[in-house]
Amino acid sequence: MIWVLTAFDECVMGEYNRVIKLFCSFYLYLNMLQNIRLRSFVVGGCASLALLLGSGVFTQVQAKSCTSVLAGLWAVSATWGTGCLTPPSVPGPGDTAIVAVGTVSLGADVSVSVLTVYAGIQLNTLGSALMVTSTATVTGAVTSTTGTLTFQKEGAGTGLAIAATTGFVSSTNGLISASTTTIGAGGFLASNAGSIYISGNLTNAGTIYAGISPATVTLDENFNNNGGIFNHNGGTLVLSGTSGAGATITAVPTVYTLSVTKALGASIGIAAGTNLAVLNTLTTSGANNLNLASNNLTVTGATTIAGSTSVTST
């Protein structure tokens, strides 16, 4: 294996201190370039500092792919297969985690880059937080009691994909936060008494369930209810976002409480053929426009138009 060794050996204290300062400056520069581990050792009674690249003394932290081979706790190395041998022998930040066997449970907060949960398999976060920084594909189940489930992919692409028929993501009392999200036919996204926040586009061909106790569903961008079911269960749908980008609501026939808070001149369009019924109250605020096009809007409760919001139709 090719490696590079840079060592400094000095027995004279004055020279030693000078070399230490020089090495530390060099190390800080390298640390900006790559994540490395620093070790020291003693040779012939003199302090030595070494930087070994690719030799095993110093190893660059590499992302790894870990597949579960046993049901059990996430933090136990025996839960994971041979792809997870590099210490620590469990998935962590930057890694790929594939939950493929039984039920894997968290005992502490976890962050990974990519998460895949196979059909018939469960990842139970209990009260801990789960963060996925790239893509989560859920064909089985991801469940939580009070912990936060975060699927926030940076940049373009889907952050959370809940597969058709078997995909299931649910939180009892916590927050489900995701970027662009797709729910396949028969897939399920539920918050029993917590809240759901989608910062990207939401495409639903399955079921969104807003809780046993009414939950709040907050959307920053487009909501395409593509043959899916939006079960408001007495909760609130919030059309939010701080950018001036508009949003379109498609095929969402009924909500309970609707709150429009989009700002900076954004236009919220109701797609053709979407006659919207608000069973409780409609409240708007900020400088936005709720454009009904040729659709009907029926509000059973009170309507409050605040700020510089306008409601238009054709």
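Strands here are DSSP runs of E at least two residues long, numbered from the N terminus. I'm keeping that in mind, since the names E5 and E6 come up below when I place aspartate 95 in the loop between them.

**Entry 1: how far to trust it**

I'm looking at a predicted model, so I checked the confidence before anything else. The protein chain has an average pLDDT of 80, and 75% of its residues reach at least 70. Where is confidence lowest, and where is it highest? The low end is strand E1, residues 4-9, with a mean of 34. The high end is strand E9, residues 122-124, at 98.

I also noted two stretches to read with care. Residues 1-16 stay under 50 in pLDDT, and the model gives them 35 contacts beyond four places in sequence. Residues 26-59 stay under 50 as well, with 67 such contacts.

**Entry 2: the whole chain**

I looked up the secondary structure next: one helix and 34 strands. The chain has 314 residues, and 40% of them count as buried. For the accessible surface I got about 14200 Å², with 59% of that belonging to carbon and sulfur atoms. Then I turned to contacts between residues at least 6 apart in sequence: 27% of these join residues at least 24 apart.

**Entry 3: the disulfide**

How many disulfides does the structure hold? I found one. Its partners are cysteine 66 and cysteine 84, and their sulfur atoms sit 2.0 Å apart. The pair links distant parts of the chain, 18 residues apart. Cysteine 66 belongs to strand E4 (residues 65-67), while cysteine 84 lies in the loop between strand E5 (72-73) and strand E6 (96-99).

Is the disulfide of cysteine 66 and cysteine 84 right-handed or left-handed? The torsion about its S-S bond is about 75°, so I wrote down right-handed. I checked the burial of both partners too: cysteine 66 is buried, and cysteine 84 is buried as well.

**Entry 4: aspartate 95**

Back to the loop between E5 and E6, where aspartate 95 is found. Is aspartate 95 buried or exposed? Its relative accessibility is 4%, and buried means under 20%, so aspartate 95 counts as buried.

Which residues does aspartate 95 touch, leaving out those up to four places away in sequence? I listed Gln62, Ala63 and Lys64, then Val90, and finally Val112, Ser113 and Val114.

How values were computed
Residues numbered from 1 in each chain as written. Predicted model: local features only at pLDDT ≥ 70, side-chain atom pairs only at ≥ 80, totals over all residues. Heavy atoms only, no water. pLDDT = per-residue confidence, 0-100. Helix = DSSP H or I, 4+ residues; strand = E, 2+ residues; numbered from the N terminus. Contact = heavy atoms within 4.5 Å. Disulfide = S-S within 2.5 Å. Buried < 20%, exposed > 50% of the residue type's maximum accessible area, 1.4 Å probe, protein only. Areas by Shrake-Rupley, 256 points an atom, 1.4 Å probe, with all protein chains shown as cover.
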